[in-house]
Amino acid sequence: LPLPPGAKEPAQRRVASLGYQAPGDVKAVFAFVKKSLTDRGCEEVSDAQIYEQSASGSFGKSGFFFSVTVFPGDAGQIAVSINNHSNLDLAKLPVPDGVTLSHSFPAVTGFVTAAPKAETAKQVKKLLLAQGWLPYGTAGDEMLFKKNSVQLSARVHTHEASPGKTFLDFSAEQMSADLP
């Protein structure tokens, strides 16, 4: 993707993500990125959220989904982050019996159940392993898996404001390489 006028070339361009800083204001930089993506055949998949201090949007092309976030960066610059969330349909991932869909967006899909957290996490792991997902680490209540060059996050958690409910959130990220 081209960078806005005056932007410094990022230290590294990755296949699955791009981050850089550019001069200007949030709205103008977001408009530049949006035009760059749509000129290359990407379509907006949700309404952009554009404010004075931040802007974000989701785009898709050929089944792949991208998120764009623009916000104030260092020394008067505007930071841009573009991430490829892969072509994985999160709503079609296997879930335990009794789990119902709460929300589904290209970058995150959520479910809710009355089953206990530990039981839900155990079942989610079992179902994903059966589909060929490989364990790829953990971070708190988040289980990470990998298949080909897609990293999948399965977060099973509870919230004190919703006693008796367990939440499952899936998100995915395209990796720049199929790393072991």
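Two strands count as paired here if DSSP finds at least two bridges between them. With that in hand, let's walk through this predicted model, beginning with its hairpins and ending at its largest pocket.

A good place to start is strand S5, which covers residues 64-72. On one side, S5 is joined to strand S4, residues 55-61, by 7 bridges, and the two run antiparallel. To find your place in this pairing, look for Gly57, whose bridge partner in S5 is Val68. S4 and S5 make up a hairpin with 2 residues between them. In that turn sits Ser62, with a positive phi of about 55 degrees.

Now follow the chain onward. S5 also pairs with S6, again through 7 bridges and in the antiparallel sense. Here Thr69 is the residue to pick out, as it stands opposite Ser81 in S6. S5 and S6 form a hairpin too, with 5 residues between them. Its turn holds Ala75, which has a positive phi of about 45 degrees.

Strand S6, residues 78-84, also leads us to the largest pocket, since S6 and strand S1 (17-22) each supply at least two residues of its lining. Which strand gives the most to that lining? The answer is S6, with 3 residues. The pocket has a volume of about 250 Å³, and 15 residues line it. Nearest its centre lie Leu1, Val15, Leu37, Phe66 and Ile82. Sorted by class, the lining has 8 nonpolar, 3 polar and 4 charged residues.

How values were computed:
Residues are numbered from 1 along each chain as its sequence is written. This is a predicted model: local features need pLDDT of at least 70, side-chain atom pairs count only at pLDDT 80 or more; totals for chains, interfaces and linings use all residues. Side-chain values use heavy atoms; hydrogens and water are left out. On a 1 Å grid over the protein atoms alone, a cavity is a set of points where a 1.4 Å probe fits but cannot get out, and a pocket is an open set with protein on both sides within 12 Å along at least five of seven lines; lining residues have an atom within 4 Å of a point. Grid points are joined across faces, edges and corners, and a volume is the space filled by probe spheres set on the points. Helices (H or I, at least four residues) and strands (E, at least two) are DSSP runs, numbered from the N terminus. Ala, Val, Leu, Ile, Met, Phe, Trp, Tyr, Cys and Pro count as nonpolar, Asp, Glu, Lys and Arg as charged, and the others, Gly among them, as polar.
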